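Thank you for making room for me this morning. Please bring the sequence and the structure up on the screen, and I will then walk you through a helix, a sheet and the spaces between the parts.

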Amino acid sequence: MQLTISAGDGATVVTVEEKRLDAAIATHFKDRMREIVVAQKQPIILDLHNVDFMDSSGLGAVIAVHKAMPAGMALELAQLTPNVDRVFKLTRMDSVFTIHAAV
Amino acid sequence: MGDMTHIGAKMRDPTDDLGCGQPVFVTSFMATPLAVRATLTALLKRFHDEVSDDVLGRLQLVLAEVLNNVAEHGASEDGSYGPQIHLCVTRHPRGLACAITDDGVSLPANCLSPRSLPQLGTLTEELPEGGFGWFLIQDLTHALCYYREESHNFLAFCVPFTPGAATDSADCPRRKCPDVATDWPDLAAVRRC
């Protein structure tokens with residue numbers, strides 16, 4: 001489970017360095033991200049440009065991280081690949097998250 | 001059921017066609033999330049040159065939901081036995097026909113009841129973190145069919161090349177439960193083991 005943390009403009013950018021955000025990795029991703037969001041104390045942009053595939057387990061993990069954000073802090077998403085974008089659209093979670101085309 | 005591993009766990013030669021002139025992918029594996037991932041990766045390679053990225057994306061999503069569901073819920077209650085999955089994917093004129101058998105516990109009937117999305121709620125803390133899987137499966141497939149026979153689950157469906165286009169198509173041939181012996185000779189072979 002590789003995540004890269006970098007400073008963005010008023011937010012922390014977390015880049016997922018994995019090609020698949022699936023059932024094999026979802027729990028680990030969720031646990032690692034929860035540690036990060038609590039420690040950062042500012043909005044998070046989750047950069048998913050490396051993620052070629054995500055299933056409902058990965059989606060559930062992203063939602064869980066969203067719910068774990070400190071009060072008043074947003075989790076936003078960036079650079080969804082077509083397979084990831086499909087899951088957000090089909091489940092209408094694209095209406096819940098702010099999604100950026102670029103970081 | 002140990003014999004199942006001798007049938008699958010490998011890809012067929014690309015020229016192999018089950019007698020209908022179309023490419024096929026057949027494999028057998030233990031139901032674990034990592035084995036599901038490896039299987040889907042091999043499946044992508046097999047069909048990469050055959051169908052579009054969009055179709056492959058939908059196929060991969062549906063199969064991830066189905067196969068990981070077996071991995072998560074198919075084991076015996078005491079956890080002593082993890083199910084074995086047999087997967088067959090065949091290209092048909094209007095879609096990819098998929099058949100999955102496993103020897104895990106029976107699929108609850110409500111999985112196949114018409115599904116809508118779980119309620120999203122109005123507050124962040126009310127957002128559902130699960131319950132999407134069977135909605136996605138039903139939304140992305142046609143001719144979804146399930147039955148239980150002795151100790152095996154049998155699930156079949158079609159992922160259409162054009163979304164929404166194959167509901168009345170005889171070319172996407174799994175509108176009713178197929179005859180295993182004639183429609184799925186590989187699965188019939190598994191049953192005989």
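Which backbone nitrogen does a side-chain oxygen of D55(A) reach at the start of α2(A)? In this model, which I should say at once is a predicted one, the partner is the backbone nitrogen of S57(A), and the oxygen of D55(A) comes to within 3.0 Å of that atom.

Let me stay with this helix for a moment. Helix α2 of chain A runs over residues 56-68, which gives it 13 residues, and from its first C-alpha to its last it reaches 18 Å, close to the 18 Å expected at 1.5 Å a residue. Of those 13 residues, 10 are buried, so the rest of the structure largely encloses α2(A). The buried ones include S56(A), G58(A), L59(A) and G60(A) towards the start of the numbering, and A64(A), V65(A) and H66(A) further along are buried as well.

Now the sheet in chain A, which is an open one of 5 strands, with the order β1-β2-β4-β6-β7 and with mixed pairing. The edges are taken by β1 (3-7) and β7 (99-100) of chain A, and each has a single partner strand, so one side of each is left without a neighbour in the sheet. For β1(A), strand β2(A), residues 12-16, pairs with it in the antiparallel sense over 5 bridges, and if you look for a landmark there, L3(A) stands opposite V16(A) of β2(A).

I turn next to the open spaces. The largest pocket holds about 670 Å³ of space, and of the 36 residues that line it, the closest to its centre are E65(B), N68(B), N69(B), E72(B) and H73(B). Both chains contribute to that lining, since at least two residues each are supplied by α1 (26-40) and α2 of chain A, and by α3 (53-73), β3 (95-102), α4 (133-140) and β5 (152-160) of chain B. The largest share comes from α3(B), with 8 residues, and by class the lining divides into 16 nonpolar, 13 polar and 7 charged residues.

The second largest pocket has a volume of about 420 Å³. Of the 16 residues that line the second largest pocket, D52(A), F53(A), N83(A), L44(B) and Q60(B) are the closest to its centre. Two or more lining residues each come from α3 (82-90) of chain A and from α2 (33-47) and α3 of chain B, and here again α3(B) gives the most, with 5 residues. This lining divides into 4 nonpolar, 6 polar and 6 charged residues.

Finally, what about enclosed space? The count comes to 1 cavity of 30 Å³ or more, and about 40 Å³ of space lies in it. Among the residues that line this cavity are R20(A), D22(A), F53(A) and D55(A) from chain A, and P33(B), R37(B), A64(B) and N68(B) from chain B. The elements that give two or more residues to the cavity lining are α2 and α3 of chain B, with α2(B) giving the most, 4 residues. By class, the cavity lining has 7 nonpolar, 1 polar and 4 charged residues.

Let me end where I began, with D55(A), whose side-chain oxygen reaches the backbone nitrogen of S57(A), and which is also one of the residues lining the largest cavity.

Terms used
Residues are numbered from 1 along each chain as its sequence is written. Chains are lettered from A and ligands numbered from 1 in the order in which they are written. This is a predicted model: local features need pLDDT of at least 70, side-chain atom pairs count only at pLDDT 80 or more; totals for chains, interfaces and linings use all residues. Side-chain values use heavy atoms; hydrogens and water are left out. The expected span of a helix is 1.5 Å times one less than its number of residues. Buried means under 20% relative accessible area, exposed over 50%, partly exposed in between (1.4 Å probe, protein chains only). A polar contact is a pair of N or O atoms within 3.5 Å; within protein, one must be able to donate a hydrogen and the other to accept it, and residues adjacent in sequence count only if both atoms are side-chain atoms. On a 1 Å grid over the protein atoms alone, a cavity is a set of points where a 1.4 Å probe fits but cannot get out, and a pocket is an open set with protein on both sides within 12 Å along at least five of seven lines; lining residues have an atom within 4 Å of a point. Grid points are joined across faces, edges and corners, and a volume is the space filled by probe spheres set on the points. Ala, Val, Leu, Ile, Met, Phe, Trp, Tyr, Cys and Pro count as nonpolar, Asp, Glu, Lys and Arg as charged, and the others, Gly among them, as polar. Two strands pair if DSSP finds at least two bridges between them.
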